[in-house]
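I am opening a notebook page on this model and will write down what I look up, entry by entry.

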Amino acid sequence: MDRHQHGGGPPDTRERIIGAARSIALERGYKGTTLAMIQQRARVHPGSFYWHFKDKDALFAAMVAQAREEVESTVAHLETGTNPVKAVLDRIVERPERFGLWRFNVQLMMDQQMHGSDTAAQILELRVHTQRQLTAAWLEHIPARVLEELPGLPDRLADYLLATVEGCVLSRVAGTIRDEESITAMSAAVMDRMVAGACQSVGEPVPELFLGSEGWADRLVASLGTRG
């Protein structure tokens, strides 16, 4: 049995190492995070570290993999009358530990040092996994005939939502204040129009879930004239 893969040794030590590495990486990035820093903050000896992880890349890969456990609780069932993009974003940022994971992964995606690493592979797998969860959430709401004619529509919706959420998270990481209410509303309105157009093209009524954003775009445009 490979102790690195199966996490031999006290579990609290492994979690301390992961927590220390994440907090340092958020401050310094992948390249600026050294094993010495991690070991000092986690209060572990080098031997304890190498019992759990073979190297820094394996540690970072484990940190990204841990985020998969948060995906299911983040991507809940879509509800009629809600802005699904804002709902997913809110579920991420309402809990510091959950936002920390997304922030960490977004930062790693931009780090050139990650290319070709096990960590990069885990980030890609996490994104694919998240997109599949979002796609599945839409499948139960889109008419079967639409899915037969346009099987790629749920995946396209998921990709659009994920890109918007990641953009908002990235803005927060950069310390930039955005009008997330308007950004997510516009994104939701576009997705609703995509589904409505697909339904109309095959002669199916538009499900109630995708009627919630009617008038959002008009109200957003009108609100621009009241600012300043």
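**Entry 1: a glutamine and its surroundings**

I began with Q39, which I found in helix α3. The model is a predicted one, and I keep that in mind for every value I note here. Is Q39 buried or exposed? Its relative accessibility is 12%, and because the cut-off for buried is under 20%, Q39 counts as buried. I then looked up its contacts, leaving out residues up to four places away in sequence, and noted that Q39 touches V44, P46 and F49.

**Entry 2: the loop after α3**

Next I went to R43, which lies in the loop between α3 (35–42) and α4 (46–52). I looked up its backbone and found phi of R43 near 60 degrees, a positive value in a residue other than glycine. For comparison I wrote down that most residues other than glycine have a negative phi. R43 is exposed, and I recorded a relative accessible area of 63% for this arginine.

**Entry 3: aromatic rings**

F49 had come up as a contact of Q39, and I turned to the rings next. I reminded myself that a pair of aromatic rings is described by the distance of the centres and the angle of the planes. How many aromatic pairs does the count come to? It comes to two. In the pair of F49 and Y50, the ring centres are 5.2 Å apart and the planes stand at 85 degrees, so I entered this pair as edge-to-face. The other entry is F49 with F53, an aromatic pair that is tilted, with 5.8 Å from centre to centre and 45 degrees between the planes. F49, Y50 and F53 form one aromatic cluster.

I also checked how accessible these residues are. F49 is buried at a relative accessible area of 0%, and F53 is buried as well, whereas Y50 is partly exposed, with a relative accessible area of 36%.

**Entry 4: α5 against α9**

For this entry I noted beforehand that two packed helices are described by the angle between their axes and the distance between the axes. I looked up helix α5 (residues 56–66) and helix α9 (residues 118–139), whose axes come within 8 Å and cross at roughly 10 degrees. Angles under 35 degrees count as roughly parallel, and therefore I wrote down α5 as roughly parallel to α9. Which residues make the contact? From α5 they are D57, F60, A61, V64 and A65, and from α9 they are D118, T119, Q122, I123 and L126. Sorted by character, the residues of this contact divide into six nonpolar, two polar and two charged.

**Entry 5: a valine in α8**

I then moved to V106, which lies in helix α8 (residues 96–109). V106 counts as buried, at 5% relative accessibility. Setting aside neighbours within four places in sequence, I found V106 in contact with V169 and L170. I also looked up the C-alpha atoms of V106 and E166, which are 60 residues apart along the chain and are separated by 7.2 Å.

**Entry 6: cysteines**

How many disulfides does the structure hold? I found zero. Of the cysteines I checked for burial, C168 counts as buried at 3% relative accessibility, and C199 is buried too, with a relative accessible area of 0%.

Conventions:
Residues numbered from 1 in each chain as written. Predicted model: local features only at pLDDT ≥ 70, side-chain atom pairs only at ≥ 80, totals over all residues. Heavy atoms only, no water. Phe/Tyr/Trp six-rings, centres within 6.5 Å; stacked < 30°, edge-to-face > 60°. Buried < 20%, exposed > 50% of the residue type's maximum accessible area, 1.4 Å probe, protein only. Axes fitted to C-alpha atoms, helices over the stretch in contact; angles between N-to-C directions. Helix = DSSP H or I, 4+ residues; strand = E, 2+ residues; numbered from the N terminus. Parallel < 35°, antiparallel > 145°, perpendicular 65-115°, else oblique. Contact = heavy atoms within 4.5 Å. Nonpolar A, V, L, I, M, F, W, Y, C, P; charged D, E, K, R; others polar. Disulfide = S-S within 2.5 Å.
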